[in-house]
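Subject: Structure handover

Hello,

Here is the structure for your files. My notes on it come after the sequence and coordinates.

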Amino acid sequence: MEGGGLAVKRARLGRQRGRAASLGKRDQDGASSHSPPPLKKRSSGEEGREEPDPEYIDSEDDMFGEHDSFCGNNSLLAEVDNIEQRHMHFTDEVLNFLKKPDGNTAAKPVCDHAQLQTIKNVGQTLSIAKTVTSSRNRTECNFLQAMKEQLDMSVEPQDDIQEDLPSSQLLFFEESEKCLVGPPNVANVKERTYHMNGCPDKTTDLPYCCDTEDNKNSELSAGALPEPSKRESLKDHLKSAMTRNARVPTPPVSKRQQFKEVLVSEEIDVVEKTSNASFVDIGPFYGLPTKVKELLKQFRGIEHLYDWQHACLTLESLQQRKNLIYSLPTSGGKTLVAEILILQELLCRQMDVLMILPYVAIVQEKVGGLSGFGMELGFLVEEYAGSKGRIPPIKRRLKKSLYIATIERGHSLVNSLIETGRISDLGLVVVDELHMLGEGSRGVVLEMTLAKVLFASKTTQIIGMSATLSNVGDLQQFLKAEYYTSNFRPVELKEYVKIHDSIYEVDSKTENGFTFSRLINFKYSSGLQKMDPDHLIALVSEVIPNYSCLVFCPTKKNCENVAEMICKYLNRDYKKFKEKEKQELIKDLTNICNGRLCPILKRTIPLGIAYHHSGLTSDERKRIEEAYSLGTLCLLTCTSTLAAGVNLPARRVILRAPYVATEFMKKNQYKQMIGRAGRAGIDSAGESILIVQEKDKQLVRNLVHSPLESCYSNLLLEFNKGIRSLFLSLVGLKIATNPEDICRFMYGTLFSVQPQLLPKEKSLWDVTVEVLQWLKQNRLLKDGASCNSEQNVPHNLEITQLGQATYKGSIDLAYCDTLYADLKKGLEGLILESCLHLLYLTMPYDMIAQCNPDWMIYFKQYSQLSLAEQQVAALVGVPESFIARKASGQTIKKNVDNATVCRLYFSFVLHALLKETNVWNVAEKFNISRGFVQTLLNSAASFSSSVLHFCQELDEFWVYKALLTELTKRLTYCVKAELIPLMEVPGVLEARAKQLYSSGYKTLAHLANADPEVLMKTVEHLYRSQARQIVSSAKMLLTEKVEALQEEAEELLRIPTVIP
């Protein structure tokens, strides 16, 4: 009933019974209002006792509050009747004033201050501008509105009269207000009680505001105000309403209990609103607009989700914002789930997202693939790979950002967000290939990144996915995550092994693990048998050219040899299959290589075969991948890196041997390679065949039936290299200031979940103290204000300038001292006639192990240097005499640092490349593969960016800041200056940039405003999907640049909060 609800409302408003007169002055002669007697207070004994739950509330105190009774001179009704009479008197004065012919809105007010005060006190229930009313001319209406505004401004705010009333009377005033206060436009207010002729209508009950059929269409004519004698007074309405309320029983709940329930209910509402406000459902497609579904169909050709994808997206744990790990076989559709979750975070929760991918090529592919979504849906896609990506990222106010990063750049990004206090802006972190947590130094970086996110932000959700996970329990405990898995594959995969000329199906149910399937049915001559003892030609001939095939080989050289061998003995009829497309491919590769083409590819491509490994340039690999995806090439011989890179499925996958380089294959590697078999929507089945020699038979049996390798933390590997870097960054980021803080952080790492990794007879505390001592001895950390001298344990740790520069630049701790010394020495005589000296200073130290100089080439290249450039060699410690003696094969008496010699040799390589920008020419000069030249270039660009950040933290190296900024840019693109704007677009490499430039697309704006259809026709061998991706990526990049400039301009124009 209403009474109970009003009692709750009254409790919410609070009782303030000690006020002065409730309605201002009651008598026109200025007599003071009646003050009600004070309420009785409970005794101390009564306070501890709960009120009985009355069935009815009939007391006068409850019904009338501070007023004495229902009737009488001091009653509430008498007071209301007095107010009503005064109001009607005032209304008459207003109408008399309006009837004057010279009446205008600037006339003297028709009420004195006392009347203003009275009207204000009852303003919420008796609105003048809406009671006196509706068909007067516009002047009258404007006057009434102006007068009401004057009242509002001239009278001091008063406490609402309703706060003083008991619960049984609040309903009347609420409903009266609804009835009497009409729409804002006075001319359209309808009179609810009287007809146009002034006769009384059947009066409705004001508390319920119900119009009768007759008065719904009635409006007040000009001057036709009702006479007071013919009206049912407000007193009568109020009396009848209160009488009805008094007769209705109140729920048998005490007011104290009602108040408690209200508070609890409000708290629950707040919690629910807080949890639900973060996610805004903006459409029917998993909370996303229908446009997302349309874009998936347009860009990806995806119309329906698999059942497991729907089940995963609707998991309760995801709705509760819990972290999640999910694992499915390769090609099961894991990435689509991650992308939908990313879009939910960006669009529904309006938070930034970080996506971590293992390789640069995959980052660039994903940036291009999601840029179209970003342009259509209004978010930014930013690339963080190599030297690309701003640290810290620009803080966007209007749009949210999707950061797509490699493992290393993702770590730098997270560090910068923690340092700037913006880690909470990151709503979601998605990690692809989560099993890489257990893979060497890169796994260490990934573990540090995730541990920092877990520690620094309690609102950031983490999603990890992989096809090869084993010790999921450890990963769940580390990430505090739920786990979802399925064996779903869109195409069935059958595993086979080949021993001699027999093929066996892998079957775990049999005793020896294999079941005989068939013999190879191919006629081999004696000569062919010698050339192809593994029957590769027979195995590939069964599927090509109508279906695709991948042959994984242990080494790069083996890839080239196998491709040539297969082509040599294949039937010449294979050349007729897609002959025109193959010729176009050869032409493209020739243009990419500046008029040259690898002789092996020249022989194999006409038969639809090519090799694929890191010895090719990025442009060559990209073009070969495109040709394979389109069916121009039907067979690729490749290394294991292809399995972890871009998605190139095949009908049949052949593993040439159970080795990767010289090491026996791991189960994870095996699973990744065979996972490429079977193309969804194309093949009905996929199959893998592992070629096994007799000596490896037992090892292979163990391999195919063994569980996946477990993921273990690598923080203590390589002489505690990982944990040292972690501790340094923790102090630098002020996450930890003492050993206790560090230990507390360590309990949130994967390492803490695996205590068996601790050295024997050492605890985590022992390891912590030992590592901190090493960092102090190497001048990376120092003791703060207080230190425990007895145990030599620092209690306040501070990072040194060298330590700050090291962690900011992501410099390997093994090389930070050497880098500092080299940069310091360089200041003594920096030679800037060319960039050779800077190239030496920024040459990655970890590339030294791959250097094996050809001393004749070394001496020849040295001889071609200018005198100033030769002086660089002398300054770094490699004299001419040393190079000459090595080239002539003479004995060297004077020791020269081998690392310096190798770094200088690689500096010569990059120096030659920057001068002519032709990878093929440089590769021939130094007798190394063109792919390695490009790898060296990319590593140097990344390390140059790291050295730049290192120097920015050390004032003594200020001179390097501007120099390294320009050098990093040159190394990143290594093309002529006019091509750099085009190569900034993700996915546009040098060859494509040259094509675009020669076709008239010379700037980023040209590309961003291009028509994909026109672009496709203008640029040779550019497919529609590629043209769309280039245009959308260019638009995204241009949008990012514009947003950055706008943010910078607004920041400059922002008025300071404190102005002196």
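The notes below cover the nonpolar cores first and the salt bridges after that. Please keep in mind that this is a predicted model.

Nonpolar cores

The largest nonpolar core has 125 residues, and within this core Leu450 and Phe727 touch the most other members. Leaving aside residues up to four places away in sequence, Leu450 is in contact with Val429, Val431, Leu434, Leu437, Ile462, Phe478 and Leu479. There is also a second core, separate from that one, made up of 74 residues; among them are Ile600, Ala650, Ile689 and Val704.

Salt bridges

In general, side chains of opposite charge can pair when their charged atoms come close. The structure contains 38 salt bridges. Three of these pairs are described here.

Glu345 and Arg321 form a salt bridge in which the closest N and O atoms are 2.7 Å apart. Glu345 belongs to helix H14 (residues 334-348), while Arg321 sits in the loop between helix H13 (316-319) and strand S1 (323-327), so the pair ties together parts that are 24 residues apart in sequence. Is Glu345 buried or exposed? Glu345 has a relative accessible area of 1%, so this residue is buried. Arg321, at 25% relative accessibility, counts as partly exposed.

The second pair is Arg518 with Glu542, where the closest N and O atoms are 3.1 Å apart. Arg518 is part of strand S10 (residues 514-519), and Glu542 is in the loop between helix H20 (536-541) and strand S11 (549-552), so this salt bridge ties together parts that are 24 residues apart in sequence. Both partners have intermediate exposure: Arg518 is partly exposed with a relative accessible area of 28%, and Glu542 counts as partly exposed at 35% relative accessibility.

The third pair joins Glu1013 to Arg1024, with 2.9 Å between the closest N and O atoms. Here the link runs between two helices: Glu1013 lies in helix H45 (residues 1012-1018) and Arg1024 in helix H46 (residues 1024-1053), 11 residues apart. Glu1013 counts as partly exposed, at 28% relative accessibility. Arg1024 is partly exposed as well, its relative accessible area being 38%.

Which residues do salt bridges with shared partners join into one network? They are Arg518, Glu542, Arg652 and Glu687. The Arg518 and Glu542 pair described above therefore belongs to a network that also takes in Arg652 and Glu687.

Regards

Note on methods:
Residues numbered from 1 in each chain as written. Predicted model: local features only at pLDDT ≥ 70, side-chain atom pairs only at ≥ 80, totals over all residues. Heavy atoms only, no water. Core = buried A, V, L, I, M, F, W, Y, C linked by side-chain atoms within 4.5 Å. Buried < 20%, exposed > 50% of the residue type's maximum accessible area, 1.4 Å probe, protein only. Contact = heavy atoms within 4.5 Å. Salt bridge = Lys/Arg side-chain N within 4 Å of Asp/Glu carboxyl O. Helix = DSSP H or I, 4+ residues; strand = E, 2+ residues; numbered from the N terminus.
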